[in-house]
Amino acid sequence: MKLIITLLVLMMPVSVLAAGDAPTPHKQEWNFNGPFGTFDRGALQRGFQVYKQVCSACHSMNHVSYRNLSALGYSEAQVKAIASEYTVMDGPNDEGEMFERPAKPSDRFKNPYTNDQQARYVNNGALPVDLSLIAKARVGGADYIYALMTGYKDAPEGETLGTGQYWNKYMAGHKIAMAPPLADDVVAYEDGSPTTLDQYAKDVSEFLMWTAEPHMEIRKRTGVKAVLFLLIFAGLLYTVKRKIWANVKGH
């Protein structure tokens, strides 16, 4: 009997196991939803700004290079300027030593920590997750990220939180080691968009969806073209079939 129960648990969908007692995030209206959906470049740039000024202090993005930011609408000069704000280790040089240099567009986003041990030490033993693919690694994607960013509440009566823990409605178990990262007016937008928690959460969620699936728009365009081709091809086949069998009686 124990073996059967174990097998059933292992066969359960990952979403069921991961969700715990957390509610399902509400579906939001995203520009990228649907077969013809595209990313909002303005939202992506604002989301990158939120990541850069808030999230990057703790969370790495090891699978994204600075040159990828050109897809957000930044010019080559802007990408170079963004990269040059950071220094990275390189080498060895002719003397066999490592050295620091300004980052180049081809470099990956700079990790806030030298290694995982340092990251855990700074964060009370918790290892901040890499955000590169987080929107695809969590059930609900951008909806989950938005819900998590806006789900911080005061712990209910009788709920005990440990040192460095916070209560979040959408976190499995409701206890999370990450302090509320966003609040009204923490990032100044230059395009006049509202500087509210809700807007920050939407923008950074869309940005993280892009980092997780940067080729989504190409995939969708290719899919639409493939469907149109198949429809036209099917019509041609039907026309040829009718023509071939037109003079055959009894069919």
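Here is a short chat about pockets, loops and buried or exposed residues in this predicted model.

Visitor: What should I know before we start?
Guide: It's a predicted model, so local features need pLDDT of at least 70 and side-chain atom pairs count only at pLDDT 80 or more, while totals for chains, interfaces and linings use all residues. Residues are numbered from 1 along each chain as its sequence is written, and side-chain values use heavy atoms, with hydrogens and water left out.

Visitor: Why is His174 called buried or exposed?
Guide: Buried means under 20% relative accessible area, exposed means over 50%, and partly exposed is in between (1.4 Å probe, protein chains only). His174 has 14% relative accessibility, so it counts as buried. You'll find His174 in the loop between strand E3 (166-167) and strand E4 (175-176). Its phi is near 70 degrees, a positive value in a residue other than glycine.

Visitor: And what makes Asp185 buried or exposed?
Guide: The relative accessible area of Asp185 is 58%, so Asp185 is exposed. Asp185 also has a positive phi, near 65 degrees, and isn't a glycine. Look for Asp185 in the loop between E4 and H8.

Visitor: Why is something called a helix or a strand here?
Guide: Both are DSSP runs numbered from the N terminus: a helix is H or I with at least four residues, and a strand is E with at least two.

Visitor: What makes a space a pocket?
Guide: On a 1 Å grid over the protein atoms alone, a pocket is an open set of points with protein on both sides within 12 Å along at least five of seven lines, and lining residues have an atom within 4 Å of a point. The largest pocket holds about 1200 Å³ of space. Its lining has 44 residues, and Tyr144, Leu148, Met171, Ile176 and Met178 are the closest to its centre. H7 gives the largest share of that lining, 5 residues.

Visitor: How do you know which class the lining residues of the largest pocket belong to?
Guide: Ala, Val, Leu, Ile, Met, Phe, Trp, Tyr, Cys and Pro count as nonpolar, Asp, Glu, Lys and Arg as charged, and the others, Gly among them, as polar. Sorted that way, the lining of the largest pocket has 32 nonpolar, 9 polar and 3 charged residues.

Visitor: What classes line the second largest pocket?
Guide: There you get 4 nonpolar, 5 polar and 5 charged residues. H3 supplies the largest share of that lining, 7 residues.

Note on methods
On a 1 Å grid over the protein atoms alone, a cavity is a set of points where a 1.4 Å probe fits but cannot get out, and a pocket is an open set with protein on both sides within 12 Å along at least five of seven lines; lining residues have an atom within 4 Å of a point. Grid points are joined across faces, edges and corners, and a volume is the space filled by probe spheres set on the points.
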